[in-house]
Every structure is written in C-alpha cells, then in structure tokens.
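Trainee: Please show me how to read the cores and helices of a model.

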Amino acid sequence: MAADERTGSFEEFVSARWTVLYRTAYLMTGRAADAEDLLQATFVKAYAAWGRVQRADSPEAYVRKMLVNGFISTQRRRRRERDHAAAQRVPAPSPTHEAGGLDRVGMWEHVANLPPRQRAVVVLRFYEDLSEQQVAHVLGCAPGTVKSQTHDALRSLRARVTDQPDAEGSLR
Amino acid sequence: MNHFEQSLAEDLQRTASTVDVPPAPVASLSAAGRRRLRATRLRALAAVAAAVAVVVAGLGAGPQLLTGSTPVGPAHHGPARQLTSLADLPHGARPGVPYWHAGQLHVGGATIRTPHREIVTGGGTTLVGDPWPLHNLARWWLLDETRLVPVVSRPDVTGQPKVSPDGRLVLWEEMQPHATTVVVWDTTRRRVVARQTVQIEAACCDGPSLMLFGVDDQDQVFYGDGRTLTMWQPATGTARTVTGIGRLPAAPTQITATGPVFQGASSDGFNSLGVYGSVTADGVFHRAGTVPSDQSAAWSPDNTRWAYPGDDYGDFAFKAPATQMVLDVATGKTHRMRLPTGVTGDVQWESNNTLLLHVLTGPRRHFMVRCQAESGACELALRMGRTSDWSFPNQL
C-alpha cells in the first residue's frame, strides 16, 4: 500500500471515529488523560497494521478490539506495578480513585470500581450494546466467559447500588 | 434487558455523552504510526539478516550442525487467498444442524412450528426448550422426527441440559436448598435411568456451587465444585474423585467423547492451552496432548480435528485478528479456512469434515458460513438480519 494512500485513509478513519472510540475509552479507563493515552496508542498500532484493519469486515470493530485489549493489557501492567510498589512499601494510587478522576454520575461510580475485565464487558454490553457473542469476539474469549463476567459485574453492581443482593437477577 | 440493566445502560450513555472529547491529533497519530511501522520493518529486516547469518554459519559448520537444527513441530500452511468480504463467498446449502427462526424449528428439510427456541444437540439427538424459564419452570423436549416429546418440566432444573456425544443420554441438574441432584435420562427408553444427589451447600443466592460438566462416550459423568472433580458412573453408581490432573484447574472447560479438556498454563485470564485426555475407570486422568486454546473452539464429532481462532500461521490468536483454523490432531497440520481476516465465530461441526461458523459482522448482519476442514473452502449457508430472530444449537 502506498504511504500516501495509507495515511489518507487512516486520517479519514481517525477523524470519523475518534469521538466514538474516545467515549468508549473514557468509560473503561475512567480518566480523560488515560482515555486519550489509550486511544492514541491504539491508533498508532492501527496505522502500522492499516492493511489488515482495512481488510477487516468492520474496521471500527477491529480497532475497538485493539482498544479493549490495550486497556486490559495496560491494567494488568499497572496491577503488577502496584503490586511491586506495595512490596516496596510505596503507596500507589488506584487509577480509578486519583484526583481529577471520573465525573461520578449515579451507577457509573460503581462501574468504575469493577475489575478491568468486568468493566470492559459492562461497557461493551451496556454502552456499545454488543451481544454476548460480539463481546466474546472482541475480547477473544468464549461467550460463557462473557456471561460469567457480566453476571459477576451485575451482581457486584446490584450489591453496591442497593446494598442487598437481587434475587431476581438471574442471567442464566 | 431488565430495569437494572436499562438504568445501567442509560447511565453509561449519559456519562459518555457529557464527557469533553479532546480534538483528534490526526497528523501526529499518522506521524507516530509511520515511525512505528518503520521500526517494525527494521526489526523484521534485522531478524531476516540474523537468520541468513545463522544459515551461512550452519553451512560453514558442516552437516553436524545442520542435523541439530532440523525444524520440528507442525507443518503450518501459510496464508490462503484473502477474501475481503463474506459477500464474496458462494451460496451453499442451508445448515445441516437444527436451527430456529421466526417461530419454526428447521431440521433438515422439515420445519416444526414451536415457540421453544433454545436448542441443545449431541450425537444426532436434539432437545429444545425455553430460553428463559417461564413462570420459573424449566421445560425441555426431545425432537422425535417432527414431534416434540416432553423430557422434563420442573422449577428446580437449572442451566442447559447436556447431551452425551453419542446422543444416548441427557443430563440435567435439579437444585435443592442444600444439595444438587444430577439426573440422567435415556433417549431410547425415554425415562430417567439414574440420579445422584450431591450434598453441596448452595454458595449464595446465585445458585449452587455444583457444576455439571458433561459425559464422555464411556458414560462417565463429570461434575464438581471447582475444587475437586468427580467422575460418576451411573451404571455402577460409583463416584470417584478424579486424580492425575496435577495443577490443572479442577473445572474442565469441555467434556469431549474421549474425556475432559482442561485449561493449561495461562498467561491471561481469558485463554490458554487446552489440555485434553481421558479418565479411566479408576478415576485417573491420562493426558493425551494439547490444543492451541481451551475455549472458543470445538472438536469434530470423531475427535480428530480441533477448530479454533488462530493467526495466519496456526497459532492461537487472542489479540491478533483471528481467522478460523482447523488443527488435524493426528498430523499436527493446521488448515486456514478461506475467510476474510478477522472473521471467526461460534463453531459447530456439521459433520466430521465440515464446520459451521456463526459470524457476526455488525448490528443486524450475521452469517452462517460452512467451511471444508481439509481444503478451507467456505460458502454461505445463511445470511441473517436481527440476531434475536435466530437460534442455533448449544448457544450459551
């Protein structure tokens, strides 16, 4: 692919999808700065793999998959760093509790405190409105894993929001 | 979607719509992307140069070194001809597995009008049921040609029934307050033939902690609580704790005709190698081999092929754009299905040689694709609109 052609179609794609993907990144990371970092890193990777992105049936779905996996990898790395910091007796702030963090709005306060994978599943299921199968494809896991992650996330949210388990809440 | 989930969705929408979106740094992203691409290419060139140097050194060192560097491992097939869209595929016959659409169950050439749209199959046996328990009553029927024969209708049945690989047995769980009963129903005699009550305290309000995993072709039923795995032989009433699984998790991810598949070493919470084997009558697990993933994959009915999402070279693809691969377990060869990059889906085998992929490509766009396991040739079996109008077997 010619460099000009690659750059032209890439820039067109970024301009068109930046806002939508930024919102998804924000809901997952919970911080504007983290969302921007994550999205920029994702787009840089997408440029390098632009031929494959364009050949995908849905380039946006492909980039969203890169975004979500980038988010999970970053969180895993941060957890290791936090563990290391804890071992060194250096206090490490939780990314979801830092100053200047989320605009706390209703239930979102509780979503932000879910583990990263559950947060990703909740955002894809209930913000992106993807089916369990589609979420499984994005995350590269079995639909059963999505189902159990969703179930666990909703159970936690119900418990936090209502302070009591919801007997009706069966997803099975 | 219930009220709680609706509120959650609305809250997420509200939060997302109120966030200030910074402008897209389009030009700097392109520049950074070009730098990354250049660095990637330089690394690739360096690797090629290093490989050439090794070969030259090996030739210089004579045959002894060459013998030591003989490649081992599976012979992978390289990338096949790339298609750009599923629309490029030719149209083929409708799926040979049962499916439900718009109030009708399609079985071969016949259709049966029924509202029961959840489908479980195995070894030629088909059960249909309700996707959600109506009035707290779980109901399942056996498909007998064009009739639906009642199997079970109880309030305490949880989850989907399991069908044995040969289709002779159907299993389900009945949940009591402090115990769970595993029930075995014979599809030939059409009655319950065995029951096993396990005294496991329900973990919480969300259901029992007992998990029914399935049954192999030796009629060995596997269940457990996540800490221990039990093998129960309904014919003799013997239940044994499965040993020999070492550090593998005690909850298998699948039960195939020959036995359980466990999740192997994991660097990630989602996917890892699948370790498969069989359990002998004394309850000992004997490892037979590994497959590239423990989930998102399926064995062919004759247990000779493993279909999984992989990259162009046959490795299991988690973060890379996956395409559908088939591993021939006996030869170790992988075959890439001729589909556009990034296209995978829920797999089920239509026969020992053909697999069906349920592929979602976007809202109101999903397809059933049939591929030949050996040649990788694919065709469209169904082109579909709204996901909720269709049901296929063994969907979770």
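Mentor: We take the nonpolar cores, then a helix, then chain B.

Mentor: This is a predicted model, in which local features need pLDDT of at least 70, side-chain atom pairs count only at pLDDT 80 or more, and totals for chains, interfaces and linings use all residues. Residues are numbered from 1 along each chain as its sequence is written, chains are lettered from A and ligands numbered from 1 in the order written, and side-chain values use heavy atoms, without hydrogens and water.

Trainee: Which residues have the most contacts inside the largest nonpolar core?

Mentor: In soluble globular proteins, nonpolar side chains tend to be buried together. A nonpolar core is a set of buried Ala, Val, Leu, Ile, Met, Phe, Trp, Tyr and Cys residues joined through side-chain atoms within 4.5 Å; buried means under 20% relative accessible area with a 1.4 Å probe, protein chains only. Here the largest core has 60 residues, and those with the most contacts inside it are A:Phe10, A:Phe43, A:Val68, A:Val122, A:Leu139, B:Leu8 and B:Leu12. Helix α1 of chain A (residues 3-29) gives this core its largest share, ten residues. Another core, of 19 residues, lies apart from it and includes B:Val343 and B:Cys378.

Trainee: How far does helix α2 of chain A reach?

Mentor: Helices are DSSP runs (H or I, at least four residues), and strands are E runs of at least two, numbered from the N terminus. The expected span is 1.5 Å times one less than the number of residues. Helix α2 of chain A, 17 residues, reaches 25 Å from first C-alpha to last, close to the 24 Å expected. Its buried residues include A:Leu38, A:Leu39 and A:Phe43.

Trainee: How many helices and strands has chain B?

Mentor: Chain B has three helices and 28 strands, and 48% of its 396 residues count as buried.

Terms used
Buried means under 20% relative accessible area, exposed over 50%, partly exposed in between (1.4 Å probe, protein chains only).
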